[in-house]
Amino acid sequence: MNFENILSTSNQGVATITINRPSKLNALNKATIEELHQAFKAADQDKDIKVIVVTGSGEKAFVAGADISEFANFDVENGGKLAAKGQEILFDYVQNLSTPVIAAVNGFALGGGLELAMSAHFRIASDNAKMGLPEVSLGVIPGYGGTQRLPQLIGKGRAMEMIMTAGMIDAQTALSYGLVNHVVAQEELLPLAEKIAGKIMKNSSVAIGKAIEAVNSNYKDGVNGFEVEIEQFGACFGTEDFKEGTTAFLEKRKADFPGK
Ligand code: COA
């Protein structure tokens, strides 16, 4: 696929999607959001892709937010539509993919950038990363899920403070809040993502997809996560991956999962 605003590559089962507008600190305009949707969809549907890594190009930014120049003149109706469409095709879409998504936060992750990172299944960061939701400094609120996912990840009080102050936290603070799982030097960030991806890939991608669905169901209104877990646990018993995983264990060999 040919993209103007992103790069999408794959290597040994890992798709790397790189937001590539460094002169605008990788800000998310409409076209970029649509390209990201296409790239995530293609990677998720590719049977050979077991893990997706999303990162930003350049050394300065993961994503410095939604593109402010694009929505500065919007009215109430268009503002609402902007948030609804973005949540549908990118932020909720990424969270609900059955292929694991790791955000490798390589610099500023602000506004929509932090919201994209929070839509990923987990995050790692380089030590220069800075994260925040500065929307109220612009007279708006986070609209791509930030008011929901930030409290889920770091607790209500810390999220309220970050949102109200519009301030940025550094990578070590993000680590201590549990917003990111690991912090490394910038040159070690993608190698770490690949190393973690390598560990994930040894396991059943079918089971991982079901685990993602069960974990996510805890955060969905009207859905009982324990019931989803029971349902997905049972469904695993009908899969080739389950037969292979249990047979390999009993035969004292490594499993070779048929996969998604
Ligand atoms: N939307 C549109 N353009 C953006 C952008 C955004 N969210 N963030 C950065 N840019 C653009 C700048 O306008 C500038 O473009 P220009 O060179 O054509 O003027 C370019 O990216 C570089 O940014 P600049 O502000 O010069 O870099 P800096 O190092 O001085 O500051 C930041 C970095 C991240 C502190 C600053 O860019 C910033 O505050 N960005 C907006 C963050 C934000 O509020 N995001 C939430 C949006 S809802």
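A backbone N or O atom of Ala66 lies 2.9 Å from a nitrogen atom of the ligand. On its own, the ligand has 860 Å² of accessible area, and the protein covers 60% of that area. The model is predicted. This briefing addresses the ligand site and then a pair of helices.

**Residues around the ligand**

- The ligand is surrounded by 15 residues, of which Lys24, Lys60, Ala64, Ala66 and Ile68 come nearest.
- By residue class, the shell around the ligand consists of nine nonpolar, four charged and two polar residues.

**Polar atom pairs with the ligand**

- Lys60, one of the residues that come nearest, places a polar side-chain atom 2.6 Å from an oxygen atom of the ligand.
- Ala64 takes part through its backbone: a polar backbone atom of Ala64 is 3.0 Å from a nitrogen atom of the ligand.
- Ala66 likewise faces a nitrogen atom of the ligand with a backbone N or O atom, at 2.9 Å.

**Packing of helices H4 and H5**

- Helix H4 spans residues 112-119 and helix H5 spans residues 146-154.
- The two helices pack with their axes 10 Å apart and at an angle of about 55 degrees.
- H4 is therefore oblique to H5, because angles from 65 to 115 degrees would count as roughly perpendicular and angles under 35 degrees as roughly parallel.
- The crossing that H4 and H5 form is left-handed.

Conventions:
Residues are numbered from 1 along each chain as its sequence is written. This is a predicted model: local features need pLDDT of at least 70, side-chain atom pairs count only at pLDDT 80 or more; totals for chains, interfaces and linings use all residues. Side-chain values use heavy atoms; hydrogens and water are left out. A residue is near a molecule or strand if one of its heavy atoms lies within 4 Å of it. A polar contact is a pair of N or O atoms within 3.5 Å; within protein, one must be able to donate a hydrogen and the other to accept it, and residues adjacent in sequence count only if both atoms are side-chain atoms. Accessible areas come from the Shrake-Rupley method with a 1.4 Å probe; for residues, only the protein chains shown count as cover. Ala, Val, Leu, Ile, Met, Phe, Trp, Tyr, Cys and Pro count as nonpolar, Asp, Glu, Lys and Arg as charged, and the others, Gly among them, as polar. Axes are lines fitted to C-alpha atoms, for helices over the stretch in contact, and angles run from 0 to 180 degrees between N-to-C directions. Helices (H or I, at least four residues) and strands (E, at least two) are DSSP runs, numbered from the N terminus. Angles under 35 degrees count as roughly parallel, over 145 as roughly antiparallel, 65 to 115 as roughly perpendicular and the rest as oblique. A crossing is left-handed if the near helix is turned anticlockwise from the far one by less than a right angle, and right-handed if clockwise.
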